[in-house]
Amino acid sequence: MFTLVVGGAASGKSGYAEELLLSSPCPPRFYLATMEPLDEGCRARIARHRRMRAGKGFETVERFTNLAGLRLAARGSVLLECLGNLAANELYSPAGAGDRALEALVAGVEALLAQSDTLIVVSNEVFTGGSSYKGNTGAYLSLLACANRALARRADRVCEIVCGLPVYYKGGPA
């Protein structure tokens with residue numbers, strides 16, 4: 001079962017995705033973290049997220065680029081948190097795929113699907129904040145929008161978290 005969970009900042013999408021993973025009957029439960037610890041702000045956010053996950057029984061795997069190259073220790077359930085971070089890493093990191101970032105994201109998710117019984121991907125809803133952006137922000141948002149569309153086509157279920165509530169566009173709650 002492949003579920004794509006999208007939502008705006010602080011919408012509750014991560015908490016909802018964690019609940020879905022915890023309800024999955026397929027252990028082990030892998031939490032695939034994609035935020036690179038680039039600065040003190042990132043490190044503080046990572047530490048806060050680790051505290052929030054403590055005691056939930058997740059096996060945390062950190063992967064910042066090249067998701068297709070990841071081999072999980074066992075077949076089980078996977079929560080990819082989050083596609084937005086992974087997209088930025090693939091687009092801008094020296095270790096990333098650069099102009100082949102979309103292909104890397106889709107291939108990475110396909111590789112996870114081949115290794116899991118349940119896959120939940122968390123992503124950011126884009127373009128609700130406007131359409132005029134400075135610098136290369138537009139390229140990042142376009143990449144994420146294309147990745148969201150490609151994954152939504154592939155997913156069994158697609159839901160958006162709005163004000164903490166899941167709204168299903170494809171499939172439905174389990």
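Begin with the largest pocket, which encloses about 570 Å³ of space. The model on screen is a predicted one.

**Stop 1: the largest pocket**

Select Ser14, Arg45, Arg48, His49 and Glu81, the residues that lie nearest the centre of the largest pocket among the 28 that line it. Then colour helix 1 (13-22), strand 2 (29-33) and helix 2 (40-53), the elements that each give two or more residues to this lining. Which element gives the most to the lining of the largest pocket? Helix 2 does, with 7 residues. Colouring the lining of the largest pocket by class shows 10 nonpolar, 9 polar and 9 charged residues.

**Stop 2: a salt bridge within helix 2**

Remain on helix 2 and display the side chains of Glu40 and Arg43, which meet in a salt bridge with an N to O distance of 3.5 Å. The two residues are 3 positions apart in helix 2, so about one helical turn separates Glu40 from Arg43. Glu40 is exposed, its relative accessible area being 55%. Arg43, at 38% relative accessibility, counts as partly exposed because exposed requires over 50%. The structure holds 5 salt bridges, and two others are visited next.

**Stop 3: Asp117 and Arg75**

Select Asp117 and Arg75, which form a salt bridge whose closest N and O atoms are 2.9 Å apart. This pair links distant parts of the chain, 42 residues apart: Asp117 belongs to strand 5 (residues 116-124), and Arg75 to the loop between strand 3 (58-62) and strand 4 (76-81). Are these side chains buried, partly exposed or exposed? Asp117 counts as partly exposed at 34% relative accessibility, and Arg75 likewise counts as partly exposed, at 44%.

**Stop 4: Glu110 and Arg154**

Move to Glu110 and Arg154, a salt bridge in which the closest N and O atoms are 2.8 Å apart. Glu110 lies in helix 4 (residues 101-115) and Arg154 in helix 5, so the pair ties together parts that are 44 residues apart in sequence. Glu110 is partly exposed, with 33% relative accessibility; Arg154 is also partly exposed, with 39%.

**Stop 5: the second largest pocket**

Keep helix 5 in view and turn to the second largest pocket, which has a volume of about 210 Å³. Select its lining residues, among them Leu4, Val6, Asn124, Glu125, Ala145, Asn148, Arg149, Val158 and Tyr169. Strand 1 (2-7), helix 5 (137-154) and strand 6 (157-162) each supply at least two residues of this lining. Where does the largest share of the lining of the second largest pocket come from? Helix 5 supplies that share, 4 residues. By class, the lining of the second largest pocket divides into 7 nonpolar, 2 polar and 3 charged residues.

**Stop 6: a nonpolar surface patch**

Leave Tyr169 selected, since this residue of the second pocket's lining also takes part in the final feature. Add Val162 and Val167: together with Tyr169 they form a nonpolar patch on the surface, with about 270 Å² of accessible area. Val167 is found in strand 7 (residues 165-170). With a relative accessible area of 34%, Val167 is partly exposed. That value qualifies Val167 for the patch, because patch residues need over 30% relative accessible area.

Definitions and conventions
Residues numbered from 1 in each chain as written. Predicted model: local features only at pLDDT ≥ 70, side-chain atom pairs only at ≥ 80, totals over all residues. Heavy atoms only, no water. Patch = residues over 30% accessible without salt bridge, like charges linked within 9 Å, V, L, I, M, F, W, Y side chains within 5 Å. Areas by Shrake-Rupley, 256 points an atom, 1.4 Å probe, with all protein chains shown as cover. Salt bridge = Lys/Arg side-chain N within 4 Å of Asp/Glu carboxyl O. Buried < 20%, exposed > 50% of the residue type's maximum accessible area, 1.4 Å probe, protein only. 1 Å grid on protein atoms, 1.4 Å probe; cavity = no way out; pocket = protein on both sides within 12 Å on 5 of 7 lines; lining within 4 Å. Points joined across faces, edges and corners; volume = space filled by probe spheres on them. Nonpolar A, V, L, I, M, F, W, Y, C, P; charged D, E, K, R; others polar.
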